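Here are my notes on the model, set out as numbered points. They go through a helix pair, a chain contact, a pair of domains and a sheet.

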Amino acid sequence: MKRRSLLATAGAALASAPLSRAFAATVVGVTATEIKIGNIMPYSGPASAYGAIGRGHVAFFKRVNEQGGIAGRKINLITLDDGYAPPKTVEQARRLVEQDQVAFLFNPLGTPNNSAIQKYMNQKKVPHIFLSTGADKWGDPEHFPWTMGWQPSYRTEAQIYAKYIMKNAPNAKVAVLYQNDDFGKDYLIGLKDGFGAHYSKYVLKEFSFEVTDATIDSQAVSMQATGADTIVTAATPKFAAQMIRKVYDMSWKPLHFLTNVSASVGAVITPAGVEKAVGIITSAYAKDPTDSTWDKDAGMNEWRAFMKQYLPEADVTDGGYVFSYGACTTLVQVLKQCGDDFSRENIMKQAASLKNLVIPTLLPGVTINTSATNYHPIRQMQLSKWNGKTWELFGELIEGTGA
Amino acid sequence: MNLITSRYFPWVFLVAVAVLPLMFASDYKLFQFTMVVVYAIAVLGLNLLTGYNGQVSLGNGAFYAIGAYVTAIMMDKWDIPYWATIPFSAVICAGVGFLIGLPALRLGGMYLALTTFALAVATPQLLKYKLFDDYTGGVQGIVINKPDAPFGLPLNPDQWLYLFALTVGAILFILATNLVRGRIGRAMRAIRDQPLAAEAMGIDIAMFKTRTFALSAMFTGIAGSLGAITIQFVAPDAFGVPLSLTFFVGMVVGGGASIGGAIMGALFIQFIPNIADEISKAAPGAVYGLILIAFMFLLPGGLASLIRILKRKPA
Amino acid sequence: MDGFIHQIVSGIASGGIYASVALALVMIYQATHHVNFAQGEMAMFSTYIALTLIQAGVPYWAAFCITVPVSFVIGALIQRVVMEPLAKAPVLASVGVFIGLLLTFNSVAGWIFTYTLKPFPSPFGEGKPLFGGFVSRHELGSTAVTLVVLLSIWAFFRFTKLGLAMRAAAYNPVSSRLVGVPVNKMLALGWGLAASIGAIAGMMVAPVIFLDPNMMAGVLLYAFAGALLGGITNPLGAVVGGFIVGIIENLGGAYVVGTELKLTTALFIIVVVLTVKPAGLFGKTLVSRV
């Protein structure tokens with residue numbers, strides 16, 4: 001009885017309430033003086049290391065605004081914390097879209113986090129662009145026309161290693177170390193794509209580890225015991241550094257492929273020991289701020305000047321700031337291309353119309369290209385080998401196949 | 001006449017929280033309130049176990065995960081309607097809770113706390129296990145659809161979901177209130193405070209403890225189901241240690257052994273992180289931690305003790 | 001066979017890490033009858049203090065000798081400022097504070113010292129590993145340090161009046177106060193000592209697993225497991241427990257269940273052991289007070 005009357009009251013209340021069925025105007029979050037952009041980052045929680053990217057964004061748009069903004073409009077970047085928890089990402093995305101009424105979401109971080117909001121963003125038809133995650137699924141314009149990635153996908157990178165191995169070491173015996181999460185598993189998928197039918201011929205065994213593990217020593221020992229002569233390491237910096245050191249300490253000299261996520265000279269190679277990493281191969285698409293190769297590079301000097309002026313306290317060895325600079329520069333180009341039409345449709349259209357865009361922090365020759373059918377902005381990478389001092393680029397730029 | 005101390009207060013409160021947000025809150029706010037209801041149920045589940053029965057659990061996130069996955073898998077693989085998944089998730093979680101309650105009998109106090117903590121750590125790894133990949137979607141998780149309002153009710157999905165969660169929540173809260181006020185609740189507390197005396201009075205401690213575990217798991221599992229429906233997404237890494245700690249924080253902030261405290265604790269864990277984020281982008285975790293410490297400092301008995309203090313004063 | 005021995009040796013090496021942190025947990029438990037969830041984060045923070053000193057040019061052992069007492073002061077201060085007012089509060093409030101401390105230390109460390117991975121020097125020299133590449137100098141040295149700490153704790157509780165008073169204060173504060181034990185001072189001392197032991201553990205662990213604000217997140221759980229397995233009232237038990245956990249984890253992962261369930265298996269074994277011997281392998285079963 002009580003419940004029924006409760007529902008009745010609720011129903012009556014609802015009928016009289018003004019139903020706010022907002023018909024989303026195509027231009028949202030942009031006025032004559034302002035462009036409102038949303039961003040979600042893990043400032044707290046287990047992935048707070050990546051908060052640097054969000055702080056980089058804030059500083060970048062401060063500079064944009066000081067230099068007069070874009071099309072006479074100031075950028076208002078609202079960046080929120082999700083603690084790397086997908087439920088919180090959903091909440092923050094809804095806040096940004098429904099309450100703050102941002103024009104679009106730029107560079108939210110994390111694969112599970114973006115997976116949680118992808119459907120919502122596409123249903124709402126709000127651009128969800130240049131995501132901070134290397135999963136391959138962000139380049140799927142057919143099913144998710146409002147979502148676009150930015151960096152080359154982990155899968156593409158793994159395919160490149162597989163192809164290199166098949167071409168240059170056809171008799172290789174491969175052991176794989178991967179992090180047991182979306183990042184590591186994407187490498188396994190990429191290797192499977194790359195080796196194709198020959199996967200089981202090349203790969204002896206895969207070894208996983210958890211981010212909560214203290215060390216990967218046990219895995220390294222098992223890998224050596226398989227008799228492998230080639231290893232692929234898909235691990236975040238801490239475990240990658242441990243792996244490099246352990247392999248060296250065991251006097252094991254396999255051909256070692258290392259994910260570019262953990263190729264930072266400052267955060268991985270130096271802690272592990274520069275001499276211990278000699279011969280390791282990675283593939284890069286951006287310049288490493290801690291690699292002396294780029295000490296006099298014009299693009300990196302531009303970035304350093306920016307850091308000095310806008311983030312003087314920040315840690316310049318943190319690759320997150322370089323990543324941020326590249327993504328923000330891409331976004332600025334999109335907004336410039338919009339002309340005076342900042343409708344969500346046009347923003348998405350321009351994001352998908354980037355032609356040979358050169359970004360100062362990307363490797364020479366790597367350009368950004370998108371189209372209505374290509375939602376993988378960066379597809380090129382170049383292999384490089386650690387020579388004890390710097391990453392030495394070799395071979396041609398390799399174009400990934402995408403999905 | 002003091003409103004808060006009135007015996008009709010819970011009913012007035014319930015009607016108010018059902019009606020007012022529907023009238024005034026935006027869809028986004030309704031979503032947040034739905035999450036408050038979800039967290040309140042989870043915190044209540046933990047409170048029954050830890051607050052009332054004294055079995056400290058730092059791993060209730062595991063039950064939340066199981067509930068969420070049961071719902072997500074049933075909806076995704078077998079197209080079972082969302083509401084029909086909830087009884088399944090309740091039964092499965094109760095069963096798992098009962099089984100975990102058995103070894104827990106042997107483990108006192110801190111040993112239990114740390115073992116359940118281990119359960120929280122192991123949960124994501126188990127959810128990712130490759131043999132279950134076909135069902136769980138592995139590391140990628142499962143995306144599910146948001147339910148529409150039934151019977152042609154003039155409600156949008158957010159409004160309907162809020163009412164649905166609130167209804168489930170209200171039933172569970174009423175159930176819990178009746179339970180802890182009655183004989184069972186007295187037994188639960190007796191076991192917590194004076195186990196030997198309780199046993200001497202003929203209370204079957206083992207039975208009560210394992211059943212409380214099952215009950216707690218059931219509540220938390222239902223919360224997990226509702227949470228999955230609300231978020232429309234489940235993935236293993238969302239159910240690790242931070243989630244279990246969040247529930248624990250909700251319980252201690254709200255107040256141990258308090259039904260109303262669960263609601264206040266849920267409000268805390270839903271909204272304080274947002275406030276911490278507003279205060280500092282550099283170290284929101286530290287702001288949140290300090291707010292938590294300050295809360296414990298000022299109200300060691302939780303927010304519920306504040307109400308008890310208010311109640312004690314003559315109206 | 002070589003692989004098998006190598007797995008055991010590497011298990012012992014990880015076990016040493018768990019054992020050193022487990023000792024700090026034993027200390028805090030013996031002194032306060034609480035388990036501080038923030039112990040690992042406090043140890044991580046102390047390690048950053050040491051690193052800052054070393055980077056400023058202070059020699060390793062001098063930095064070591066400064067860090068340990070500084071950590072003691074931080075620990076004792078936390079007890080005085082935060083925990084003491086909560087002495088009469090429900091236990092759950094203390095756990096709430098521990099969680100708050102954990103979040104705060106982690107976040108502040110990231111803020112001040114950044115999240116970039118940092119190498120931490122080993123006092124035992126780099127050099128080539130010993131015994132055919134199985135054991136590094138650091139692993140050997142840090143095991144020795146752990147044993148020294150273990151002996152000191154054991155002797156402290158066994159032979160000193162202070163150690164006895166501390167255990168009494170934790171076990172029964174009211175009676176202890178009646179017989180003249182300054183309970184609050186004992187608790188502060190316990191917190192300080194636990195923080196110091198944690199700092200030593202942090203400085204021994206960091207060269208192996210590298211220093212970053214989340215360094216202790218994984219280690220702490222295994223340290224708990226080790227302490228529980230061996231018996232949290234017994235420092236020797238905790239150390240042995242830590243080593244056993246390291247070995248079980250490695251052998252289980254390498255030969256039995258595969259790496260994907262390594263952690264789960266290790267935890268499962270521990271739960272089974274605890275249900276058979278609830279006070280741990282070497283712990284004393286205490287009759288609970290009524």
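1. One convention is needed before the helix pair is discussed: angles under 35 degrees count as roughly parallel, over 145 as roughly antiparallel, 65 to 115 as roughly perpendicular, and the rest as oblique. The model itself is predicted, and everything below should be read as a description of that prediction.

2. Helix H11 of chain B, residues 241–254, packs with H12(B) at an angle of about 125°, and their axes are 7 Å apart. H11(B) and H12(B) are therefore oblique to each other. The handedness of the crossing of H11(B) and H12(B) is right-handed.

3. Which residues make this contact? H11(B) contributes B:Thr246, B:Val249, B:Gly250, B:Met251, B:Val253 and B:Gly254. From H12(B) come B:Gly261, B:Ala262, B:Met264, B:Gly265, B:Ala266, B:Phe268 and B:Ile269. By class, the contact of H11(B) with H12(B) has eight nonpolar residues, five polar and no charged.

4. Between the chains, 36 residues of chain A and 36 residues of chain B take part in the contact. On the side of chain B that touches chain A, the elements giving two or more residues are helices H1 (9–24), H2 (27–52), H5 (109–127), H10 (205–231), H12 (259–279) and H13 (284–298) of chain B. H12(B) thus appears both in this list and in the helix pair of point 2. The residues on this side of chain B comprise 22 nonpolar, nine polar and five charged.

5. Chain A is assigned two domains: domain 1 covers 26–151 + 293–372, and domain 2 covers 154–284. How far apart do the C-alpha centres of domain 1 and domain 2 of chain A lie? The distance is 30 Å. Eight residues from domain 1 of chain A and nine residues from domain 2 of chain A enter the contact. On the side of domain 1 of chain A that touches domain 2 of chain A, three residues are nonpolar, four are polar and one is charged.

6. Chain A also has an open sheet of five strands, with parallel pairing and the order S2-S1-S3-S4-S5. Its edge strands are S2 (74–81) and S5 (147–148) of chain A, each of which pairs on one side only.

7. Within that sheet, strand S1 of chain A (residues 34–41) pairs with S2(A) in the parallel sense, over eight bridges. A:Ile37 stands opposite A:Leu77, which belongs to S2(A).

Technical notes. Residues numbered from 1 in each chain as written. Chains lettered and ligands numbered in written order. Predicted model: local features only at pLDDT ≥ 70, side-chain atom pairs only at ≥ 80, totals over all residues. Contact = placed C-beta atoms within 7 Å. Helix = DSSP H or I, 4+ residues; strand = E, 2+ residues; numbered from the N terminus. Nonpolar A, V, L, I, M, F, W, Y, C, P; charged D, E, K, R; others polar. Axes fitted to C-alpha atoms, helices over the stretch in contact; angles between N-to-C directions. Left-handed = near helix turned anticlockwise from the far one by under 90°. Domains from an automatic or database assignment. Pairing = 2+ DSSP bridges.
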